[in-house]
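I opened this model to look up how its strands pair and what is packed between them. My notes follow in the order in which I checked things.

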Amino acid sequence: MTTPPDDRSFRREMATAYRSGWHFIDLATAIPHSGDSLMVTVFGEPVVVTRDDDDDVRAYRCLRRPRGAPQPVRCAIRYGMIFVNLDQRDHRLDEPAAPDVRTIAATPRSA
């Protein structure tokens, strides 16, 4: 019989294995107008996703400390989906590469 992990090892595993990447939040249609917001919990941390006056989507981590200002979180929209990255290190969401279009002259086997 295995013993459950203690809280420290669980938090360390969550930080290293799960929090260090881009995570799907919701579809961009969930906040269609400027001023709309969405409150979600990502790995136990409350995150507010808002659409500002310029129609840009921004995400903020809500700190639980008294008088703590919301901390900006990296946010991106790809293919109509909102992604956030809670990690402080520089993990970039790669832009989709332009398809390499080449013409290949080939004769089908049936010919």
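**Entry 1. The β2-β3 pair.** I started with β2 and β3, which run antiparallel and are joined by six bridges. The model is a predicted one, and I read every value below as computed from it. For a single register point I looked up valine 42, and its bridge partner in β3 is glutamate 45. I then checked the turn: the hairpin of β2 and β3 has two residues between the strands, and phenylalanine 43 takes a positive phi near 55° there.

**Entry 2. The β3-β4 pair.** I moved to the other neighbour of β3. β3 and β4 are antiparallel as well, with five bridges. Here the register point I noted is threonine 50, whose bridge partner in β4 is arginine 58. These two strands also form a hairpin, with five residues between them. In that turn aspartate 55 has a positive phi of about 65°.

**Entry 3. Cover on β3.** Is β3 mostly covered or mostly open? I found it mostly covered, as seven of its seven residues are buried. I sorted the side chains by direction. Glu45, Val47, Val49 and Arg51 point one way, while Pro46, Val48 and Thr50 point the other way. I recalled that side chains in a regular strand alternate between the two faces of the sheet. Both sets in β3 are buried.

**Entry 4. Two residues of β3.** I listed contacts for one residue from each set, leaving out residues up to four places away in sequence.
- Valine 47 touches Leu38, Met39, Val40, Val42, Ala59, Tyr60 and Leu86.
- Threonine 50, also in strand β3, touches Ile31, Asp36, Ser37, Asp56, Val57, Arg58 and Tyr60.

I also took a C-alpha distance for threonine 50: proline 32, 18 residues apart along the chain, is at 9.8 Å.

**Entry 5. The core.** I asked which residues of the largest nonpolar core touch the most other members. They are Ile25, Val47, Val49 and Ile82, out of 14 residues in this core. The elements giving two or more residues to the core are β2, β3 (45-51), β4 (57-61) and β6. β2 gives the most, with three residues. As background, nonpolar side chains in soluble globular proteins tend to be buried together.

**Entry 6. The whole sheet.** I stepped back to the strand order. The six strands form an open sheet, ordered β1-β6-β5-β4-β3-β2, with antiparallel pairing. β1 and β2 are the edge strands, and each pairs on one side only. From one strand to the next the twist averages 30°. At the β1 end, β1 pairs with β6 in the antiparallel sense over five bridges. One of the register points there is histidine 23, whose bridge partner in β6 is valine 84.

**Entry 7. Aromatic pairs.** How many aromatic pairs does a search of the whole structure find? I got one. It is formed by phenylalanine 24 and phenylalanine 83, with 6.1 Å centre to centre and 65° between the planes. I logged the pair as edge-to-face because its angle is over the 60 degrees needed for that class. Phenylalanine 24 lies in strand β1 and phenylalanine 83 in strand β6 (residues 81-85), so the pair ties together parts that are 59 residues apart in sequence. I compared the cover on the two rings' residues. Phenylalanine 24 is partly exposed, with a relative accessible area of 44%. Phenylalanine 83 has 16% relative accessibility and counts as buried, because the cut-off for buried is under 20%.

**Entry 8. A loop residue.** I looked up histidine 33, which is in the loop between β1 (22-27) and β2 (37-42). Is histidine 33 buried or exposed? It counts as exposed, at 53% relative accessibility. Its C-alpha atom is 6.9 Å from that of arginine 51, 18 residues apart along the chain.

**Entry 9. Chain totals.** I closed with the overall figures.
- The chain has one helix and six strands, in the pattern α-β-β-β-β-β-β along the sequence.
- Of its 111 residues, 27% are buried.
- Among contacts with a separation of 6 or more, 35% are between residues 24 or more positions apart.
- The accessible surface is about 8,800 Å², and 53% of that belongs to carbon and sulfur atoms.

Notes. Residues are numbered from 1 along each chain as its sequence is written. This is a predicted model: local features need pLDDT of at least 70, side-chain atom pairs count only at pLDDT 80 or more; totals for chains, interfaces and linings use all residues. Side-chain values use heavy atoms; hydrogens and water are left out. Helices (H or I, at least four residues) and strands (E, at least two) are DSSP runs, numbered from the N terminus. Buried means under 20% relative accessible area, exposed over 50%, partly exposed in between (1.4 Å probe, protein chains only). Rings of Phe, Tyr and Trp (its six-membered ring) pair if their centres lie within 6.5 Å; planes under 30 degrees apart count as stacked, over 60 as edge-to-face and the rest as tilted. Two strands pair if DSSP finds at least two bridges between them. Axes are lines fitted to C-alpha atoms, for helices over the stretch in contact, and angles run from 0 to 180 degrees between N-to-C directions. Contact means heavy atoms within 4.5 Å. Accessible areas come from the Shrake-Rupley method with a 1.4 Å probe; for residues, only the protein chains shown count as cover. A nonpolar core is a set of buried Ala, Val, Leu, Ile, Met, Phe, Trp, Tyr and Cys residues joined through side-chain atoms within 4.5 Å.
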